[in-house]
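Please open the model in a viewer and keep the sequence panel visible. The tour below proceeds by selection, each stop stating what to display and what is found there.

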Amino acid sequence: MTSTLTISHLTKTFSGVKALSDVSLHVAPGERVALLGHNGAGKSTLMKIILGLIAADSGEVFVCGAAPGTATARTKVAYLPENVTFHTALTGLEQITYYLRLRGEDTSEAMALLDKVGLGHAAKRRIGTYSKGMRQRVGLAQTLIGHPSLLVLDEPTSGLDPVSRRDFYELLDALAAEGAAILLSSHALTEVEARTDRLLILSGGRMVATGSLPELRREAALPVSMHITALNGYDTDILAELPNAIRIGSTLHLSCTQDDKLATIAQIAAIKGKVADIDVIPPSLEDIYSHFSRRDGQ
């Protein structure tokens, strides 16, 4: 399948400092990809190059087969910044109608776009009365104008409450199911851990890791944690069977390598008559992100 976004060996330098160094990535139609990195890692620079706002020093970028910033690319890509700003005196309906007119699209689609992002009930209210989450939805409605092939989202859930975040990702899931490619930058690792197909980790301007969460777990080879709850009176027996376990409060804790996970579970299963419960906790995305960032010397 042809990628919606393809970047090869991208480099960008500002005043002698490399913001991006030999960065390559791709995003396929219908794929949700998270771009992770600390402040100053190069995420914003990368997004600006994709949008055609600044030029790279070297490397290639193709948005739907076209160069960034060209008329073809602009019609295919949409952008949602972290902090959206609209005219507070306009209603949601008036604002989206205005953007449709700017894009040369049918203005009668405004209400359908607001309905799609869950704002139909507030379409005729002034944006100045909207909450942060509602304004973010107006921004998302604006990005959907013209059915873009690529959505570039910069911290799209910043400031949203948990329910609004859930609704936001459900909408992204639906857009991806319709074939839109989604590249989103986020510091909310717990969110993207469950709601994206692939992860890209930038550190110091270099792409230090890329892959699905299971792939990155295997590559990082971080230990798996297990929390064992003993039946009354059997915790000492379990500790004797599992000498690497330690007691923390009322729970027994142990860790093992990925390769030893099944064997360790089998050991616990062999004494299941003494075990009330077991929780197997794989490395989180936060653990993996920290691992690859430290590995890069940051």
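Select Thr229 and Asp277: Thr229 in strand β10 stands opposite Asp277 in strand β13. Strands, like helices, are DSSP runs numbered from the N terminus, with at least two residues (E) for a strand and at least four (H or I) for a helix. The model is a predicted one, in which local features need pLDDT of at least 70 and side-chain atom pairs count only at pLDDT 80 or more, while totals for chains, interfaces and linings use all residues. Residues are numbered from 1 along each chain as its sequence is written, and side-chain values use heavy atoms, with hydrogens and water left out.

**Strand β10 and its partners**

Extend the selection to β10 (residues 224–230) and β13 (residues 275–281). These strands run antiparallel and are joined by 6 bridges; two strands pair if DSSP finds at least two bridges between them. Next add β12 (residues 251–256), which is also antiparallel to β10 and is joined to β10 by 5 bridges. Here Ile228 of β10 stands opposite Leu252 of β12.

Now show the side chains of β10. Which of them point to the buried face? Val224, Met226, Ile228 and Ala230 do, whereas Ser225, His227 and Thr229 point to the other face and are not buried. Buried means under 20% relative accessible area, exposed means over 50%, and partly exposed lies in between (1.4 Å probe, protein chains only).

**Two residues with positive phi**

Move to Ala221, in the loop between α8 (213–220) and β10. Its phi is positive, at about 55°, although Ala221 is not a glycine. Most residues other than glycine have a negative phi. Ala221 has a relative accessible area of 52% and is therefore exposed.

Then select His9, which lies in strand β1 (residues 5–14). Its phi is likewise positive for a residue other than glycine, near 50°.

**Helix α3**

Display helix α3 (residues 92–102), where the buried residues are Gly92, Gln95, Ile96, Thr97 and Leu100. An α-helix has 3.6 residues a turn, so residues three or four places apart point the same way. Add α4 (110–116) and α5 (132–143), which are among the elements covering the buried residues of α3. Just after α3, select Gly104, which takes a positive phi of about 75°.

**Val33**

Select Val33 in strand β3 (residues 32–36). Is Val33 buried or exposed? Its relative accessible area is 0%, so Val33 is buried. Leaving aside neighbours within four places in sequence, Val33 is in contact (heavy atoms within 4.5 Å) with Val27, Ile182, Leu183, Leu184, Arg198 and Leu200. A distance drawn from Val33 to Val152, C-alpha to C-alpha, is 10.0 Å, although these residues are 119 apart in sequence.

**Salt bridges**

How many salt bridges does the structure hold? There are 12, a salt bridge being a side-chain nitrogen of Lys or Arg within 4 Å of a carboxyl oxygen of Asp or Glu.

Begin with Arg165 and Glu191, whose closest N and O atoms are 2.1 Å apart. Arg165 lies in helix α6 (residues 162–177) and Glu191 in helix α7 (residues 189–195), so this pair ties together parts that are 26 residues apart in sequence. Arg165 is partly exposed at 24% relative accessibility, and Glu191 is buried at 14%.

Proceed to Asp235 and Arg247, which meet in a salt bridge at 2.2 Å, N to O. This pair links distant parts of the chain, 12 residues apart: Asp235 is in helix α9 (residues 235–241) and Arg247 in strand β11 (residues 246–248). Asp235 is partly exposed at 23% relative accessibility, as is Arg247 at 43%.

Then select Lys274 and Asp237, a salt bridge with its closest N and O atoms 3.3 Å apart. Lys274 is in the loop between α10 (261–269) and β13, and Asp237 is in helix α9, 37 residues apart. Finally, select Arg32, Asp173, Arg195 and Asp197, which salt bridges with shared partners join into one network.

**The whole chain**

Zoom out to the full protein chain, which has 11 helices and 13 strands. Along its principal axes, the C-alpha trace spans about 75 × 50 × 35 Å. Of the 298 residues, 45% are buried.
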